[in-house]
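Student: I would like a close look at a single part of this model. Could you take me through it slowly, and then through its surroundings?

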Amino acid sequence: MRKLYIIGIGPGNPEQVTIQAIKAINQVDVFFVTSKGEAKNDLTQFRKEICERYIDEPSYRTVEIVDSGRDPTIDSYASRVEAWHQQRALIYEELIKNELQEDECGAFLIWGDPSLYDSTLRVIDQVISRGLIHFDYEVIPGITSIQALAARHKITLNGIGESICITTGRQLSPGLISNTENVIVMLDGKCSFKEVLDKEVEIYWGAYVGSDKEVLLSGRLTETRESIEMARSSAREKNGWVMDTYLLRNPSARRP
Ligand SMILES: C[S@@+](CC[C@H](N)C(=O)[O-])C[C@H]1O[C@@H](n2cnc3c(N)ncnc32)[C@H](O)[C@@H]1O
């Protein structure tokens, strides 16, 4: 029976690939590669580097997945994403059927961990529920950008007994911060922390965390927000893309 691995490869440091991931990568006949956007070259290069560094007997093939992206003519965000997933499910189904022999093993190398802001598992579920092809699959966890950020700042994500909220820049609001001790923000292209005015709030920010392009800044949000904005925009200008994550810590958050 065909086998698929969905493998978390960490957030950009080849030394943060787990032994379990390396063992799985060594079983793979076909890597399905789906990167897009401005970061495409660097992310593809990182996946290549991992294969070159860790595969003992390279005889694998690579199949690139052409991603048409979300349809901008669909009004609601949720419907846009749903349509995109459906389209992806059809593409994955075709690829698994045509590119993977019955006794072969395929893999998706997922940035960070597959459980965090990544659609691959949802799309694979859709392929399975269509019922047209059959395969076994396994998920291998990876280090997330959140863990890498905490390690580089040498911090815990929460104080004793506190909660942590993980959200996107789009969902960040002053109300959320005043009620949550620790908020981790990802996928924020607009520096949404600018909207948070509470003087008590601290920020631990990192871009390209774990990689050789890494930039880290931390401090009181009111005192550091401008430097972070500037660092982010100059890094983006220099590299052509940027991926950043931050923790906002509010010591005076109201507990529910
Ligand atoms: C589509 S999500 C993927 C998250 C990934 N699955 C993970 O486990 O970290 C992409 C977002 O993750 C964050 N991210 C990923 N890699 C990062 C890195 N090396 N440094 C900082 N943030 C990163 C950024 O917030 C970025 O916008």
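In which loop is Tyr208 found?

Tutor: Happy to walk through it with you, and please keep in mind that this is a predicted model. Tyr208 is found in the loop between strand 8 and strand 9, the latter spanning residues 215-220. Its backbone deserves a look: Tyr208 has a positive phi of about 50 degrees although it is not a glycine. As background, most residues other than glycine have a negative phi. Tyr208 has a relative accessible area of 4%, and because anything under 20% counts as buried, this residue is buried.

A useful companion is Lys154, another non-glycine residue with a positive phi, here about 60 degrees. Lys154 is also in a loop, the one linking helix 5 (145-153) to strand 6 (164-168). Its setting contrasts with that of Tyr208: Lys154 has 77% relative accessibility and so counts as exposed, whereas Tyr208 is buried.

Now let us step back to the sheet around that first loop. Strands 8 and 9 belong to an open sheet of five strands, ordered 6-7-10-8-9 with mixed pairing. Strand 6 and strand 9 form the edges, each pairing on one side only. On average, neighbouring strands of this sheet are turned by 15 degrees against each other, direction ignored. At one edge, strand 6 and strand 7 run parallel and are joined by five bridges. One of the residues to look for there is Ile164, whose bridge partner in strand 7 is Asn182.

Two helices pack on this sheet. Helix 5 touches strand 6, strand 7, strand 8, strand 9 and strand 10, and its direction makes about 115 degrees with that of strand 8. Helix 7 touches strand 8, strand 9 and strand 10, with its direction at about 160 degrees to that of strand 9.

That brings us to the nonpolar core. In soluble globular proteins, nonpolar side chains tend to be buried together. The largest such core here has 22 residues, and those with the most contacts inside it are Leu172, Phe193, Ile203, Tyr246 and Leu248. Strand 7 (182-186), strand 8 (202-207), helix 7 (221-239) and strand 10 (244-249) each supply at least two residues of this core. Helix 7 gives the most, with four residues. If you pick one residue to follow, try Ile203: leaving aside residues up to four places away in sequence, it touches Phe193, Leu217, Ser218, Gly219, Leu221, Thr224, Ile228, Tyr246, Leu247 and Leu248.

For another view, turn to Leu176, which sits in helix 6 (residues 174-179). Leu176 is partly exposed, with a relative accessible area of 22%. Beyond residues up to four places away in sequence, Leu176 touches Cys165, Thr167, Gln171 and Val183. Its C-alpha atom is separated by 34 Å from that of Thr18, 158 residues apart along the chain.

Finally, here is the wider frame. The domain assignment gives domain 1 (3-143) and domain 2 (146-249). Their C-alpha centres lie 27 Å apart, and the contact takes 14 residues from domain 1 and 17 residues from domain 2. The area buried between the two domains is about 1200 Å², of which carbon and sulfur atoms give 61%.

Methods
Residues are numbered from 1 along each chain as its sequence is written. This is a predicted model: local features need pLDDT of at least 70, side-chain atom pairs count only at pLDDT 80 or more; totals for chains, interfaces and linings use all residues. Side-chain values use heavy atoms; hydrogens and water are left out. A nonpolar core is a set of buried Ala, Val, Leu, Ile, Met, Phe, Trp, Tyr and Cys residues joined through side-chain atoms within 4.5 Å. Buried means under 20% relative accessible area, exposed over 50%, partly exposed in between (1.4 Å probe, protein chains only). Contact means heavy atoms within 4.5 Å. Two strands pair if DSSP finds at least two bridges between them. Axes are lines fitted to C-alpha atoms, for helices over the stretch in contact, and angles run from 0 to 180 degrees between N-to-C directions. Domain bounds come from an automatic or database domain assignment. Buried area is the accessible area (1.4 Å probe) that two parts lose on being put together, summed over both.
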